[in-house]
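Thank you all for coming; I would like to take a few minutes to walk through one model with you. Please have a look at it first, and then we can go through the parts I picked out.

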Amino acid sequence: MTGEQSFISLRGVYKTYGNQLVVMDKMDLDMRADDRLVIIGPSGSGKSSLLRVLMGLESIQGGTICFQGQTYIRAAEHKGKPLDAHLQQQIGMVFQHYTLFPHLSVLGNMILAPCKVHGLSKQQATEKARHFLARLGMEEKINSYPSQLSGGQKQRVAIARALMLEPRLMLFDEVTSALDPEMVIEVQNVMLQLAEQHMAMIIVTHDMHFAKHIATRVVFCADGKIIEQGPPEQLFKQPKETRTREFLEKVIHFN
Ligand SMILES: Nc1ncnc2c1ncn2[C@@H]1O[C@H](COP(=O)(O)OP(=O)(O)O)[C@@H](O)[C@H]1O
Ligand SMILES: [Mg+2]
C-alpha cells in the first residue's frame, strides 16, 4: 500500500516528550478506509500518544501524516500539529475516562460541538442527538446528567457525542478499561455496531478477545516502534516476533 492510496499514512513519525523519551520512533503505518486497527502493546509503549497525535492533541517532531490523500500533519509546519482544521474535525475520539461535561445534560453534551463547529441550530442538533441516542439505546437518558448514568452509559454517550460530528475515523483509547465487567459488553457492542457500518477505527485495548473479534489488523507496538502487524488470526495464533509472543503470553494468561 502506498501512502497516496491509503486513508491514513504515517511516514517516519517521530515524537518525543522532552529530550529523552521517544514515544514514536520513526513510525510508518498505513490504514485503509475499511480497516479497523487494534493497537496492542505494553503500558508506556506510546499507544495513547499515537492517538493523541492523530487527534491533534500532541505535536510531532519528525515525519509526515497524510489523511484522505492530503498532508494532514508535517513536523516542519504548524508546530507539528494538524494543518487543516477541516480534516481534524473528521476524527472523533473516546477516552478511557469519561470526558462528558458534568454540568451539562446528555443533550447539552451532545449538541455543544455540532452547534459551535458545524453551525447547526439547536433544533437541528437536538434532532440529530435523538437519532444517535436512539441508535445506541440511550434515548430515554437524553435529559439525564452524567452523574446519573452508569459508566457504560457514559461511554455510550461519549461515543454518540463523537458521532454527532460525522467523523470518518474514530479513535478509542482503552474505552472499557475503567468499566465493571458487565458494562464492557454494552460498550463493545456499540463499537461492533459501528464496525458493521464500516466506520474506520483505531482501537487501543488490552482485551485480546475483543481485539480478535473487531480488528481487521492488529498492530503490536513496543518502545515507540511497530514490532509486528497482521490480521488477528495470524498475529494471535502465529506471531513471528519473540517480543510479540512474550507479550501475548502475558496478557492472554491474565485475561
Ligand atoms: N504529556 C506527557 N509528557 C511527558 N511524558 C508523557 C506524556 N504523555 C505520556 N508520556 C510518557 O510517554 C510514554 C508513552 O505514553 P503513552 O503514549 O501514554 O503510552 P501507552 O498508551 O502505550 O501506555 C510513557 O512513558 C508516558 O509516561
Ligand atoms: Mg495509554
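**Strand β8 and its neighbours, then the aromatic rings**

Let me begin with a single pairing, in which Ile-39 has Val-204 of β8 as its bridge partner, and please keep in mind throughout that we are looking at a predicted model. That contact belongs to the pairing of strand β3, residues 36–40, with β8, where the two strands run parallel and are joined by four bridges. Strand β7, residues 169–173, also pairs with β8 in the parallel sense, here over five bridges, and within that pairing Met-170 is matched with Met-201 of β8. Between β7 and β8 the chain passes through helix α6, residues 181–196, in a β-α-β crossover that is right-handed.

How covered is β8 itself, which spans residues 200–204? Five of its five residues are buried, with Ala-200, Ile-202 and Val-204 pointing one way and Met-201 and Ile-203 the other. In a regular strand, side chains alternate between the two faces of the sheet.

Turning to the rings, the structure holds three aromatic pairs. In one of them, the centres of Phe-7 and Phe-67 are 5.3 Å apart and the planes stand at 80 degrees, so this pair is edge-to-face. Because Phe-7 lies in the segment before β1 and Phe-67 in strand β4, the pair ties together parts that are 60 residues apart in sequence. Phe-7 counts as buried at 6% relative accessibility, and Phe-67 is buried at 0%. Ring pairs link these two residues and Tyr-72 into a cluster.

Finally, Lys-15 lies over the face of Tyr-17, 4.5 Å from the ring centre, while Lys-212 lies over the face of Phe-236, at 5.7 Å.

Key
Residues are numbered from 1 along each chain as its sequence is written. Chains are lettered from A and ligands numbered from 1 in the order in which they are written. This is a predicted model: local features need pLDDT of at least 70, side-chain atom pairs count only at pLDDT 80 or more; totals for chains, interfaces and linings use all residues. Side-chain values use heavy atoms; hydrogens and water are left out. Buried means under 20% relative accessible area, exposed over 50%, partly exposed in between (1.4 Å probe, protein chains only). Two strands pair if DSSP finds at least two bridges between them. A crossover is right-handed if, with the strands pointing away from the viewer, the path from the first strand over the helix to the second runs clockwise. Rings of Phe, Tyr and Trp (its six-membered ring) pair if their centres lie within 6.5 Å; planes under 30 degrees apart count as stacked, over 60 as edge-to-face and the rest as tilted. A charge sits over a ring if NZ of Lys or CZ of Arg is within 6 Å of the ring centre and within 35 degrees of the ring normal.
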